[in-house]
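Subject: Handing over a structure

Hi there,

Here is the structure I promised to pass on to you. Have a look at it first, and then read on for what turned up.

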Amino acid sequence: MKHRFLTACLAMLCFATSSIMNAENAKPFVIPELRQWQGAEGMTAISAKTKILYADESLADAANALAADYGLFFGKGLKSKTVKETANAAVGTIVISLINDEELGDEGYTMEILADRINVASVSTTGNMYGMQTILQMVKLDAEGFAIGQ
């Protein structure tokens, strides 16, 4: 009996320890809820120096909306810019793009948050707009920085 009790306590301690260690990169609470989140080590932050880059003109509205909304929330707007190619985007940018992925549907998107850049991709402008709203919500949760993840 004593052995089972100690085993149960050890199991709970391991679970609590792993939860605490992964707490900073836990799935953020955003609406709508993220369907999938894979946290990684580290944090990233957005500042007034962050630029929003896109290669497809149809993404201008999503980029401009994020730039304007960020300014409303934090008093310092972001700049959005169309570029020829986003593959070699500079450090400190948010890159939005269109991809071919039927699983995402019209409103889905992928987001990769790295220490030096955030990549958002969707099959449509609607999905990218939702991705921009998720970024805003994550920044509002913690303006100092937020967890890196995918």
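Before the fold itself, a word on terms: helices and strands here are DSSP runs, with at least four residues for a helix and at least two for a strand, and they are numbered from the N terminus. Please also keep in mind that this is a predicted model.

With those terms, the protein chain has three helices and seven strands. From one end of the sequence to the other, their order is α-β-β-α-β-β-β-β-α-β. The chain has 150 residues, and 34% of them count as buried.

A good place to begin is helix α3, which covers residues 125-141. Its 17 residues span 25 Å from the first C-alpha to the last, close to the expected 24 Å. At the start of this helix, Ser124 has a side-chain oxygen within 3.3 Å of the backbone nitrogen of Thr126. Several residues of α3 are buried, among them Gly127, Asn128, Met132, Ile135 and Leu136. Gly131 is also on the buried list, and it brings us to a contact across the chain: the C-alpha atoms of Gly131 and Thr110 are 7.7 Å apart, although 21 residues separate them in sequence. Thr110 belongs to strand β5, residues 110-113, and is partly exposed at 34% relative accessibility.

How do α2 and α3 lie against each other? Two packed helices are described by the angle between their axes and the distance between the axes. Helix α2 takes up residues 60-74, and its axis comes within 9 Å of that of α3, with a crossing angle of roughly 20 degrees. Angles under 35 degrees count as roughly parallel, so α2 is roughly parallel to α3. The crossing of the two is right-handed.

Next, the stretch between α1 (2-21) and β1 (39-44), a loop where you will find Pro32. Most peptide bonds are trans. The bond that joins Ile31 and Pro32 is cis, with omega at about 0 degrees.

How many salt bridges does the structure hold? There is one, and it pairs the side chains of Lys27 and Glu33 at 2.8 Å, N to O. Side chains of opposite charge can pair when their charged atoms come close. As for the surroundings of this pair, Lys27 is partly exposed with a relative accessible area of 37%, while Glu33 is exposed at 60%.

Strand β1 offers another residue to look at, Thr44. Is Thr44 buried or exposed? Its relative accessible area is 6%, and anything under 20% counts as buried, so Thr44 is buried. A polar atom of the Thr44 side chain lies 3.2 Å from the backbone oxygen of Leu114. The backbone oxygen of Ala115 is also in reach, at 3.3 Å from a polar atom of that Thr44 side chain.

One last spot to view is Ile99, in the loop between β4 (93-98) and β5. Ile99 and Ser122 are 23 residues apart in sequence, yet their C-alpha atoms are 5.5 Å apart in space. At 33% relative accessibility, Ile99 is partly exposed.

If you would like a starting point on screen, try α3 and follow the contacts from there. Enjoy exploring!

Best wishes

Terms used: Residues numbered from 1 in each chain as written. Predicted model: local features only at pLDDT ≥ 70, side-chain atom pairs only at ≥ 80, totals over all residues. Heavy atoms only, no water. Expected span 1.5 Å × (residues − 1). Buried < 20%, exposed > 50% of the residue type's maximum accessible area, 1.4 Å probe, protein only. Polar contact = N/O pair within 3.5 Å; in protein donor to acceptor, adjacent residues only side chain to side chain. Salt bridge = Lys/Arg side-chain N within 4 Å of Asp/Glu carboxyl O. Axes fitted to C-alpha atoms, helices over the stretch in contact; angles between N-to-C directions. Parallel < 35°, antiparallel > 145°, perpendicular 65-115°, else oblique. Left-handed = near helix turned anticlockwise from the far one by under 90°.
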